[in-house]
Amino acid sequence: MTPQDPSGASREAEGAHTWAILVAAGSGSRLGSERPKAFAALAGRPLLAESLERLDNSPWVDAIVVAAPPEWEEPAILLAEELVASKVAAVVTGGATRADSVRYALAEVAQNALVVLVHDAARPLVEDGVIERLLVRLGEGVDGAIPVLPVADTIKRVAGGAVAETLDRESLVTAQTPQAFVADRLRSAFTGEVGAATDCSALVERNGGRVGVVAGDPRLVKVTTAADLELVERLLASR
Ligand code: C5P
C-alpha cells in the first residue's frame with residue numbers, strides 16, 4: 001500500500017482538525033458492473049465523484065483520505081484533480097474488507113486530527129446537515145456519533161429456516177454513514193483485530209466507546225444494486 005499525494009495537499013492538511021475518510025474500495029459485485037462500484041456511472045460520472053465533491057465542498061471537513069480499489073488509485077487521483085478536490089491529502093489502496101480500508105486510510109490521517117468522519121462512497125448524497133448534527137452530538141462528550149433511521153418493517157431473527165425471535169422494532173434503527181469519531185477513540189478501536197465489522201461504530205462500541213445517535217437522512221441511500229443506483233440518480237435529479 002503506497003499512499004499517494006495527488007495535489008500536494010498534505011502540507012496544508014497539517015493544521016486540519018476534521019478529517020474525512022472516504023472508503024471506496026469495495027468491488028461492487030452485486031451491482032453487476034465490470035468496474036468497482038465507486039467507478040460505476042452515476043448521472044454520467046463516477047459514483048465516487050458525488051461524495052468526494054460534497055465532502056470537499058463541506059465547510060465542516062478540512063482534509064480527506066480516499067481508500068481506492070486496488071489498481072484504481074490512479075483514476076481516483078485523476079478524479080480528485082478533475083474535481084479540484086483540494087482537500088484530498090492522500091489516496092490509499094483499500095483492503096480486503098471495509099475495516100481494512102478504513103485502517104489503511106486512518107494511517108494517513110494527521111496525528112493532530114481531532115475528529116475523523118468515515119463515509120461510504122456507496123452513499124453519494126451526503127449533505128452538510130447530517131455532518132453538522134454529528135459534530136454537534138460529538139461536542140456533547142460522546143466518543144462517536146452516527147446517523148440512524150427508524151425501522152419500518154418488523155424485524156425477525158431466523159435460524160435454520162425458521163423464525164427464532166421477533167425483535168422489538170421500537171428500539172431498532174438502521175445505521176448510516178458518515179460516522180464521526182473523536183480521532184483518538186477511533187485509532188484505539190483500530191489497534192486490535194477488526195474482523196468483519198461492517199461499520200466503524202461497531203469497533204468503537206466493542207472498545208468500550210459511547211456512540212451517540214442523530215437523525216439520519218433518507219436520501220443517504222446506500223448503492224448496492226443497479227436499482228439503488230437508479231434511485232440515487234432520480235433523487236439527484238429531483239434536488
Ligand atoms: O460492501 P459495502 O457496500 O458494504 O461497502 C460499504 C463501503 O465500504 C463502500 O463505499 C465500499 O466501497 C467500501 N469498502 C471498502 N473496502 C472494502 C469493502 C468495502 O472501502 N474492502
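**Buried loops, an enclosed helix and a ligand site**

Arg-123 has a relative accessibility of 9% and therefore counts as buried (under 20% relative accessible area; exposed is over 50%, partly exposed in between, with a 1.4 Å probe and protein chains only). The model is predicted, with local features requiring pLDDT of at least 70 and side-chain atom pairs pLDDT 80 or more, while totals for chains, interfaces and linings use all residues. Residues are numbered from 1 along each chain as its sequence is written, and side-chain values use heavy atoms, without hydrogens or water.

Arg-123 belongs to the loop that runs between strand S6 and helix H5 (128-138) (DSSP runs numbered from the N terminus, helices being H or I of at least four residues and strands E of at least two). A polar atom of the Arg-123 side chain lies 3.1 Å from the backbone oxygen of Leu-220. Beyond its neighbours within four places in sequence, Arg-123 is in contact (heavy atoms within 4.5 Å) with Ser-51, Ala-175, Gln-176, Thr-177, Leu-220, Val-221 and Lys-222.

Leu-125 is also found in the loop between S6 and H5, and its relative accessible area of 0% is why it is classed as buried. Leaving out neighbours within four places in sequence, contacts of Leu-125 are made with Glu-50, Arg-54, Arg-219, Leu-220, Val-232, Leu-235 and Leu-236. The partner Arg-219 is 94 residues away along the chain, yet its C-alpha atom is separated from that of Leu-125 by 6.3 Å. Leu-220 thus appears in the contact lists of Arg-123 and Leu-125.

Turning to the ligand, 15 residues surround it (a heavy atom within 4 Å), and the closest are Val-23, Ala-25, Gly-95, Ser-101 and Lys-222. Lys-222 is also one of the contacts of Arg-123. Several backbone groups face oxygen atoms of the ligand: a polar backbone atom of Ala-25 is 2.8 Å from one, a backbone N or O atom of Ala-121 is 3.2 Å from one, and for a backbone N or O atom of Ala-122 the separation is 3.2 Å. On its own the ligand has 460 Å² of accessible area, of which the protein covers 84% (Shrake-Rupley method, 1.4 Å probe).

Ser-101, one of the closest residues to the ligand, is also among the buried residues of helix H4, together with Arg-98, Ala-99, Asp-100, Val-102, Ala-105 and Leu-106. Because seven of the nine residues of H4 (residues 98-106) are buried, the helix is largely enclosed by the rest of the structure. The cover over these buried residues includes strands S1 (18-23), S4 (63-68), S5 (88-93) and S6 (115-120), along with helices H6 (183-189) and H7.

Helix H7 (residues 200-206) holds Ser-201, which counts as buried because its relative accessibility is 1%. The Ser-201 and Glu-205 side chains are joined by a polar contact of 2.4 Å (N or O atoms within 3.5 Å, one able to donate a hydrogen and the other to accept it within protein, where sequence-adjacent residues count only through side-chain atoms). Not counting residues up to four places away in sequence, Ser-201 touches Ile-146, Gln-179, Phe-181 and Val-211.

A few backbone details round off the picture. Thr-177, a contact of Arg-123, is joined to Pro-178 by a cis peptide bond with omega of about 10 degrees; Pro-178 is in the loop between strands S10 (173-175) and S11 (179-182). Ala-43, in the loop between strands S2 (41-42) and S3 (45-46), has a positive phi near 50 degrees. Val-84 likewise has a positive phi, near 50 degrees, and lies in the loop between helix H3 (73-82) and S5. With 62% relative accessibility, Val-84 counts as exposed.
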